[in-house]
Amino acid sequence: MFRTSASELAASTAFLTRLPAAWLGVDPHRRPDFRVAARTFPLVGLLVGIVGAIVALIASGLSLPPIAAAILSLAATITLTGALHEDGLADTADGFGGGATATRKLEIMRDSRIGTFGGIALILSLLLRASLIATLLPYGAMPLAMALIAAEIVSRAAMVQLWTALPPARFEGLASETGRPSSETRWTAIAIAVIAALIAGSLGTGFFDAVLALIVAGFASYAFQLACAQQIAGQTGDTLGAAQQIALVTFLMAIVASA
């Protein structure tokens with residue numbers, strides 16, 4: 001059981017970060033099967049959150065302004081993930097904003113070039129995240145670290161939820177080829193995220209702040225799920241990345257608003 005879980009986590013880490021697959025003992029030429037392994041996505045969020053928190057706290061300890069520390073934290077997490085989710089957000093915004101039909105939206109999302117809607121979505125997302133992290137820094141090391149870690153964990157569970165809830169909008173692409181998570185996998189990922197967020201809240205800004213943030217991120221994720229169903233009648237790898245970004249930002253917004 002432990003060996004299986006470790007291999008699932010290694011596959012998820014290789015999939016969601018830029019860490020070399022060989023370092024993780026994963027065959028880079030083999031497609032992962034995420035029907036079960038996706039339950040470990042929140043644990044990858046734990047790693048990303050720790051990295052972001054460490055960089056923010058080191059930068060703050062060097063007497064850099066909060067906004068500079070926040071930007072460096074973002075740079076570290078984006079480097080670790082290879083901007084995978086930011087790319088998904090931009091492509092989704094371009095598709096949903098620029099296409100008149102579901103087919104056209106999917107064609108735009110497949111285009112690697114960034115458009116106006118995608119650029120605006122990226123700018124707003126990064127500005128929001130930087131300002132929220134900068135606002136949390138004066139609260140101290142523990143509240144900041146716990147908020148960032150919880151947000152990254154919860155946002156990865158949001159990906160699994162969307163992936164499970166909606167069928168593939170197209171039957172090619174990474175999200176379709178790697179296997180759709182089972183219902184049990186989804187609930188396991190959500191349970192990990194909820195427990196982790198409540199523990200982090202108790203250690204950081206507060207238990208009830210974490211409860212509120214979970215509710216807000218949950219509603220935002222569900223609203224985006226409805227938008228995906230209406231816009232393209234399903235999900236793609238890009239929308240999974242967008243779901244992560246939306247859950248991350250809304251979770252942090254709720255934490256800051258209630259702290």
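User: What makes the largest cavity a cavity, and what volume does it have?

Analyst: This is a predicted model, and its largest cavity has a volume of about 80 Å³. The name fits because a 1.4 Å probe fits inside but cannot get out. Of its 13 lining residues, S73, T77, I133, L148 and E152 are the closest to the centre. Helices α3, α4, α7, α8 and α12 each give two or more residues to that lining. By class you get 7 nonpolar, 4 polar and 2 charged residues.

User: How many cavities of 30 Å³ or more does the search find, and what lines the second largest?

Analyst: The search of the whole structure finds 4. The second largest has a volume of about 50 Å³, and its lining includes V48, T77, H85, R129 and Q244. Helix α12 gives the largest share of that lining, 3 residues. At least two residues each come from α4, α5 (84–98), α8 and α12.

User: Why do V48 and L248 count as nonpolar in that lining, and E86 and R129 as charged?

Analyst: It goes by residue type: Val and Leu are on the nonpolar list, so V48 and L248 go there, while Glu and Arg are on the charged list, so E86 and R129 go there. The full split for this lining is 2 nonpolar, 5 polar and 4 charged.

User: Why is the largest pocket called a pocket and not a cavity?

Analyst: A pocket is an open set of points, whereas in a cavity the probe cannot get out. About 580 Å³ of space lies in this one. It is lined by 21 residues, and A11, V26, R30, R31 and P32 are the closest to its centre. Two elements, α1 (2–16) and α2 (34–37), give two or more residues to the lining, with α1 giving the most, at 6 residues. The lining divides into 13 nonpolar, 3 polar and 5 charged residues.

User: Why is I78 called partly exposed, rather than buried or exposed?

Analyst: Check the number: I78 has 22% relative accessibility. Buried needs under 20% and exposed needs over 50%, so a value of 22% falls in between and I78 counts as partly exposed. You'll find I78 in helix α4 (residues 66–81).

User: What makes A83, E86 and L126 contacts of I78?

Analyst: Contact means heavy atoms within 4.5 Å. With neighbours within four places in sequence left aside, I78 is in contact with A83, E86 and L126, so each of those pairs has heavy atoms within that cut-off.

User: What makes the largest nonpolar core a core, and which residues touch the most other members?

Analyst: Its members are buried residues of the listed nonpolar types, joined through side-chain atoms within 4.5 Å. There are 35 of them, and L136, L144, V154, F251 and L252 touch the most other members. Helix α8 (141–165) gives the most to this core, with 11 residues. Apart from it lies another core of 25 residues, among them F34, F41, A93 and A243. As for L252, its contacts beyond four places in sequence are L132, L136, A147, L148 and A151.

User: How do you know that the chain is as compact as a globular protein of its length?

Analyst: First, the chain has 12 helices and 0 strands. Its radius of gyration is 17 Å, close to the 18 Å that the globule rule gives for 259 residues, so the chain is as compact as a globular protein of that length. Its C-alpha trace spans about 50 × 45 × 35 Å along the principal axes, and 49% of the residues count as buried.

Definitions and conventions. Residues are numbered from 1 along each chain as its sequence is written. This is a predicted model: local features need pLDDT of at least 70, side-chain atom pairs count only at pLDDT 80 or more; totals for chains, interfaces and linings use all residues. Side-chain values use heavy atoms; hydrogens and water are left out. Helices (H or I, at least four residues) and strands (E, at least two) are DSSP runs, numbered from the N terminus. Buried means under 20% relative accessible area, exposed over 50%, partly exposed in between (1.4 Å probe, protein chains only). On a 1 Å grid over the protein atoms alone, a cavity is a set of points where a 1.4 Å probe fits but cannot get out, and a pocket is an open set with protein on both sides within 12 Å along at least five of seven lines; lining residues have an atom within 4 Å of a point. Grid points are joined across faces, edges and corners, and a volume is the space filled by probe spheres set on the points. The radius of gyration is taken over C-alpha atoms; the globule rule is 2.2 Å times the number of residues to the power 0.38.
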